[in-house]
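Student: Hey, can we go through this model together? I'd like to start with how much of the chain is hidden away.

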Amino acid sequence: MNQVEIFFSVVQRKVVTPNDFIDLTQARDRLRAFEDRYNATAQPFHWKLTTSDLDDLLARLDRHTADRPEESSSPPAA
């Protein structure tokens, strides 16, 4: 997920749900209040998955799909 997707996921969970707005003005006000709070407290996200971890995971997935060609998403070689 990129940062924009993460932000909109947070907005969905913390602002939009439940969808109990009386009108668009209330929705706009709630979104702006959230934005002010979020910007005041936001901190950089620290990824815990390193590039080495990702390389290892991808290698394991490659080995797994090589062992089970029927589960592979790519077509079999001719």
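Student: So what share of the residues in the chain is buried?

Tutor: Buried residues account for 6% of the 78 residues here. Keep in mind that this is a predicted model.

Student: Okay, and how much surface does the chain expose?

Tutor: About 7,100 Å². Carbon and sulfur atoms supply 56% of that.

Student: How many helices and strands are there?

Tutor: You'll find 3 helices and 0 strands. Reading along the sequence, the pattern is α-α-α.

Student: Switching to rings: how many aromatic pairs turn up in the whole structure?

Tutor: A search finds 4 aromatic pairs. One of them is Phe7 with Tyr38, an edge-to-face pair with 5.1 Å centre to centre and 75° between the planes.

Student: Where do Phe7 and Tyr38 sit in the chain?

Tutor: Phe7 belongs to helix α1, residues 3-16, while Tyr38 belongs to helix α2, residues 24-41. They are 31 residues apart, so this pair links distant parts of the chain.

Student: Are those two buried, exposed or partly exposed?

Tutor: Phe7 is partly exposed, with a relative accessible area of 26%. Tyr38 is partly exposed as well, at 28%.

Student: And what kind of pair do Phe34 and Tyr38 form?

Tutor: A tilted one: the centres are 5.5 Å apart, with 35° between the planes.

Student: How far apart are Phe34 and Tyr38 along helix α2?

Tutor: They are 4 residues apart in helix α2, which means about one helical turn separates them.

Student: Why does Phe34 count as buried?

Tutor: Because its relative accessibility is 6%, and buried means under 20%.

Student: Which residues make up the aromatic cluster?

Tutor: Phe7, Phe8, Phe34 and Tyr38 form one cluster.

Student: New topic! Which residues form the nonpolar patch on the surface?

Tutor: That patch consists of Leu49, Leu54, Leu57, Leu58 and Leu61. Together they have about 410 Å² of accessible area.

Student: Let's pick Leu61. Which helix is it found in?

Tutor: Leu61 is in helix α3, which covers residues 51-67.

Student: And why does Leu61 count as partly exposed?

Tutor: Its relative accessibility is 44%. Partly exposed lies between the buried cut-off, under 20%, and the exposed one, over 50%, so Leu61 at 44% fits in there.

Student: Nice, let me recap the rings: Phe34 is buried, whereas Phe7 and Tyr38 are partly exposed.

Tutor: Yep, and those three belong to one aromatic cluster along with Phe8.

Methods
Residues are numbered from 1 along each chain as its sequence is written. This is a predicted model: local features need pLDDT of at least 70, side-chain atom pairs count only at pLDDT 80 or more; totals for chains, interfaces and linings use all residues. Side-chain values use heavy atoms; hydrogens and water are left out. Helices (H or I, at least four residues) and strands (E, at least two) are DSSP runs, numbered from the N terminus. Buried means under 20% relative accessible area, exposed over 50%, partly exposed in between (1.4 Å probe, protein chains only). Accessible areas come from the Shrake-Rupley method with a 1.4 Å probe; for residues, only the protein chains shown count as cover. Rings of Phe, Tyr and Trp (its six-membered ring) pair if their centres lie within 6.5 Å; planes under 30 degrees apart count as stacked, over 60 as edge-to-face and the rest as tilted. Patches are made of residues with over 30% relative accessible area and no salt bridge: like charges are joined within 9 Å, nonpolar side chains (Val, Leu, Ile, Met, Phe, Trp, Tyr) within 5 Å. A salt bridge is a side-chain nitrogen of Lys or Arg within 4 Å of a carboxyl oxygen of Asp or Glu.
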